[in-house]
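Thanks for making time this morning. I would like to walk through one structure with you, starting at a single aromatic ring and working inwards from there.

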Amino acid sequence: LPVEMSEVNDDDEVNDDDEVNDDDEEIATDDEVNDDEDNTTDDEDNNNESIHIKSLTINPIIHPSLLNTLQTSICTVFDLPSTSWSLVYRTSSTNHSLQSFLQVARGISNTILIISDLHGEIIGSYQEEAWRYSSSFHGNSNCGVFCLKDGELEIYPASRLNSFYSLSNDNALVIGSSSRHAIYINQNMRFCSTGECSTFKSPPLCPLTEFECAVIELWKLVK
């Protein structure tokens, strides 16, 4: 696996009465995730081995074998214990806002954010520090961004050239910053942009630098 080593105004007040329940294993979405549809049989997995990476999405969730590769690689690169991951948030037709995302994500650390566009391209980030409302960048250098290109996973850990690791509020979710952000998601979580970013020494993570999001998921490390 090849591994290469702005601020947004927060006009919305944080509601301190919202609590994050890290022990809640239910996915925060108004649409139920159908396990029978998401999990393919062994025969189907064998038939899918030769399919191009762009085809390995299911409505359009990342294929289980690719998800396992991603999670294992994140553990290796960031020296995490090899343990299980739990899906805590997924966008749906009725659950598409940063407000709903942060209500669930706030306080959760060691997470993988996965973004899929309408063409099945996959990009995302790993953040060690817990998510929180912020009007300025925060986080630590134990983080990175990634993409799937031509069937290979590319991970870009923090370069430590700056500390623009993460910013999230009701207006935008931003990962990295310099002349461009590595990942920028708008307030309704429907549009994303990516560009060359010195925070991770990363190129644009997707062929289309501005695109519509098909699905966004957040996974947490289960200790």
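Let me begin with Phe 164, which is partly exposed, with a relative accessible area of 32%. Please keep in mind throughout that this is a predicted model. The partner of Phe 164 is Phe 137, and the two form a tilted aromatic pair, with 5.2 Å from centre to centre and 50° between the planes. Phe 137, for its part, is buried, at a relative accessible area of 14%. The pair links distant parts of the chain, since Phe 137 sits in the loop between S5 and S6 while Phe 164 sits in the loop between strand S7 (152–157) and S8, 27 residues apart.

How many aromatic pairs does the structure hold? There are 4 of them, and another that I want to show you joins Phe 101 to Trp 131, where the ring centres are 5.3 Å apart and the planes stand at 90°, so this pair is edge-to-face. Here too distant parts of the chain are linked, with Phe 101 in helix H4 and Trp 131 in the loop between strand S5 (122–127) and S6, 30 residues apart. Both Phe 101 and Trp 131 are buried, and together with Tyr 89 they form one aromatic cluster.

Phe 101 brings us to helix H4, residues 98–105, in which Leu 98, Ser 100, Phe 101, Leu 102 and Ala 105 are buried. Those buried residues pack against several strands, among them S3 (84–90), S4 (111–117) and S12 (210–222). After the helix comes Gly 107, whose phi is positive, near 90°.

Now to the interior. The largest nonpolar core has 33 residues, and Phe 101, Ile 183 and Ile 185 are among those with the most contacts inside it. At least two residues of this core come from each of S3, H4, S4, strand S6 (143–149), S9, S10 and S12. A second, separate core has 20 residues, including Leu 66, Leu 67, Leu 80 and Phe 146. Going back to Ile 183, and leaving aside residues up to four places away in sequence, its contacts include Ile 115, Val 145, Leu 173, Cys 192 and Leu 205.

Next, consider S9 and what follows it. Ala 172 lies in strand S9, residues 172–175, and Ala 172 is buried, with a relative accessible area of 0%. Its C-alpha atom is separated by 5.7 Å from that of Ile 185, although the two residues are 13 apart along the chain. In the loop between S9 and S10 we find His 181, which counts as buried at 16% relative accessibility, and whose side chain reaches the backbone oxygen of Gly 176 at 3.0 Å.

Finally, the cysteines. Why does a search of the whole structure find 0 disulfides? The cut-off for a disulfide is 2.5 Å between sulfur atoms. The sulfur of Cys 213 has its closest cysteine sulfur in Cys 192, at 4.9 Å, which is too far for a bond. For Cys 206 the closest cysteine sulfur is also in Cys 192, at 7.9 Å, and that again is too far for a bond. Cys 206 is buried, with a relative accessible area of 5%, and Cys 213 counts as buried too, at 6%.

That is where I will stop, and I am happy to take questions.

Terms used: Residues numbered from 1 in each chain as written. Predicted model: local features only at pLDDT ≥ 70, side-chain atom pairs only at ≥ 80, totals over all residues. Heavy atoms only, no water. Buried < 20%, exposed > 50% of the residue type's maximum accessible area, 1.4 Å probe, protein only. Helix = DSSP H or I, 4+ residues; strand = E, 2+ residues; numbered from the N terminus. Contact = heavy atoms within 4.5 Å. Polar contact = N/O pair within 3.5 Å; in protein donor to acceptor, adjacent residues only side chain to side chain. Core = buried A, V, L, I, M, F, W, Y, C linked by side-chain atoms within 4.5 Å. Phe/Tyr/Trp six-rings, centres within 6.5 Å; stacked < 30°, edge-to-face > 60°.
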